[in-house]
Amino acid sequence: MSWTPRLLIVILSVIMTVACASSATSNRSTLERSSGLNSTSPVRAAEINTRLGIGYLERGQYEVALEKLQIAVLEDPGHVPAHFALALLFERLGDDGNAERHYRAADRLAPDDGGVQNAYGVYLCRQRDFVEADRHFRRAMQDPFYATPAVALTNAGSCARRAGLEQQATDYLREALNIDGNNPDALYNLAEIYYQQGDSFRARAFLQRLEAQGTAEAATFLLGFRIESDLGNQDEAERYAVALERDFPTSPETEQVRRLIRNDS
């Protein structure tokens with residue numbers, strides 16, 4: 001998973017699903033120590049600072065985001081969304097040590113939350129800890145309240161591909177499509193898997209389902225060019241080459257197609 005605005009949506013969804021549980025736990029311990037309005041102020045402060053931190057993170061103001069999120073953790077050490085957001089921020093900053101520390105904290109505090117487990121799995125896969133990543137993806141899938149299990153299945157499939165477990169990857173990706181038949185990442189991965197297996201007809205079927213959604217990415221056009229070239233459909237292959245030149249003239253995929261065409265000349 002690359003750093004995209006979708007990650008911020010994940011953070012916000014985690015806040016909505018786990019903040020109440022985190023706050024309830026903290027409220028009980030705080031109420032034992034004091035009474036009145038002050039009893040909930042640390043929890044409320046943590047939530048406010050987390051939301052502020054996410055806002056700054058979304059705008060690329062990482063220093064201020066870090067300050068707000070660290071304050072949130074100081075106010076409520078058990079506030080899962082703050083740990084989760086800090087993990088993503090440190091990962092963005094290239095600080096794997098602190099990213100891992102906060103992912104572990106979020107995992108410890110919310111071991112059954114699908115959003116947390118999926119994100120931690122993606123991080124572990126990037127660290128090439130494939131076995132542990134798969135364990136967290138499976139935990140994400142077991143959360144009955146996780147709104148997007150197809151995402152965890154697709155990530156598990158992509159990770160299995162990186163680990164060289166092609167059949168396991170295919171099983172995960174097909175299961176993802178059983179839940180969400182329009183999942184673009186699952187469709188692309190399966191198209192690529194079948195192309196690499198030499199089954200270009202089946203690869204084309206998955207790619208066509210992807211293209212029916214209006215997907216227009218350089219990687220998709222490159223795969224389409226390869227599939228149609230393999231099937232001997234030069235007109236269709238040329239259509240993909242033209243689309244690459246038109247929409248992505250400076251992309252590595254376009255340069256790759258140029259080389260392939262030159263080599264065939």
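These are my notebook entries on a predicted model of a single protein chain.

**Entry 1: the overall fold**

I began with the secondary structure. I counted 14 helices and 0 strands in the chain. Reading from the N terminus, I wrote the order down as α-α-α-α-α-α-α-α-α-α-α-α-α-α. Next I looked up burial, and found that 45% of the 265 residues are buried. I also checked how far the contacts reach along the sequence. Taking contacts between residues at least 6 apart, 51% join residues at least 24 apart.

**Entry 2: the nonpolar core**

Which residues touch the most other members of the largest nonpolar core? I found Tyr103, Phe206 and Leu207 in that role, in a core of 63 residues. Helix H4 (residues 80-92) gives the most to this core, and I noted 9 residues from it.

I then followed Tyr103 a little further. Setting aside neighbours within four places in sequence, I listed its contacts as Phe84, Ala87, Leu88, Glu91, Ala119, Tyr120 and Tyr123.

**Entry 3: Phe90 in H4**

I stayed with helix H4, where Phe90 lies. Is Phe90 buried or exposed? Its relative accessibility is 7%, so I put it down as buried. Not counting residues up to four places away in sequence, Phe90 touches Leu66, Gln70, Asp95, Asn98, Ala99 and His102. I also looked up Tyr62, which is 28 residues from Phe90 in sequence; the C-alpha atoms of the two are 9.4 Å apart.

**Entry 4: Val73 in H3**

My next stop was Val73, in helix H3 (residues 62-75). At 16% relative accessibility Val73 counts as buried, because the cut-off is under 20%. Beyond its neighbours within four places in sequence, I found Val73 in contact with Ala82, His83 and Leu86. I also noted the separation between the C-alpha atoms of Val73 and Ala45: 9.8 Å, for residues 28 apart along the chain.

**Entry 5: the disulfide**

On to the cysteines. How many disulfides are there? My count came to 1 disulfide. The bond joins Cys125 to Cys159, with an S to S distance of 2.3 Å. I looked up where the two ends sit: Cys125 is in helix H6 (residues 114-126) and Cys159 in helix H8 (residues 149-162), so the pair ties together parts that are 34 residues apart in sequence.

Why is this disulfide called right-handed? The torsion about the S-S bond of Cys125 and Cys159 is about 115°, and I recorded the disulfide as right-handed because of that. I checked accessibility at each end too. Cys125 is buried at 6% relative accessibility, and Cys159 is buried at 4%.

**Entry 6: two loop residues**

I moved to the loop between H6 and helix H7 (130-141), where Arg128 has its place. I made a note of its phi, which is near 65°, a positive value in a residue other than glycine. Arg128 has a relative accessible area of 52%, so I marked it exposed.

Thr148 is in the loop between H7 and H8. With a relative accessible area of 37%, Thr148 is partly exposed. I looked up its C-alpha distance to Asp180 and found 9.0 Å, the two residues being 32 apart along the chain.

**Entry 7: H9 against H10**

At what angle do helix H9 (residues 166-179) and helix H10 (residues 184-196) pack? I noted about 145°, with the axes 9 Å apart. H9 crosses H10 in a left-handed sense. From H9 I listed Glu166, Ala169, Thr170, Leu173, Arg174, Ala176 and Leu177; they meet Ala186, Leu187, Asn189, Leu190, Ile193 and Tyr194 of H10. Sorted by class, this contact of H9 with H10 has 9 nonpolar, 2 polar and 2 charged residues.

**Entry 8: H11 against H12**

I looked up one more helix pair. Helix H11 (residues 200-211) and helix H12 (residues 218-231) pack at an angle of about 145°, and their axes are 10 Å apart. I recorded the crossing of H11 and H12 as left-handed. H11 contributes Ser200, Phe201, Ala203, Arg204, Leu207, Leu210 and Glu211 to the contact, and H12 contributes Thr220, Leu223, Gly224, Ile227, Glu228, Asp230 and Leu231. By class I wrote down 7 nonpolar, 3 polar and 4 charged residues for the contact of H11 with H12. I recognised Leu207 here from my core entry, where it was listed with Tyr103 and Phe206.

Definitions and conventions
Residues are numbered from 1 along each chain as its sequence is written. This is a predicted model: local features need pLDDT of at least 70, side-chain atom pairs count only at pLDDT 80 or more; totals for chains, interfaces and linings use all residues. Side-chain values use heavy atoms; hydrogens and water are left out. Axes are lines fitted to C-alpha atoms, for helices over the stretch in contact, and angles run from 0 to 180 degrees between N-to-C directions. Helices (H or I, at least four residues) and strands (E, at least two) are DSSP runs, numbered from the N terminus. A crossing is left-handed if the near helix is turned anticlockwise from the far one by less than a right angle, and right-handed if clockwise. Contact means heavy atoms within 4.5 Å. Ala, Val, Leu, Ile, Met, Phe, Trp, Tyr, Cys and Pro count as nonpolar, Asp, Glu, Lys and Arg as charged, and the others, Gly among them, as polar. A disulfide is a pair of cysteine sulfur atoms within 2.5 Å. Buried means under 20% relative accessible area, exposed over 50%, partly exposed in between (1.4 Å probe, protein chains only). A nonpolar core is a set of buried Ala, Val, Leu, Ile, Met, Phe, Trp, Tyr and Cys residues joined through side-chain atoms within 4.5 Å.
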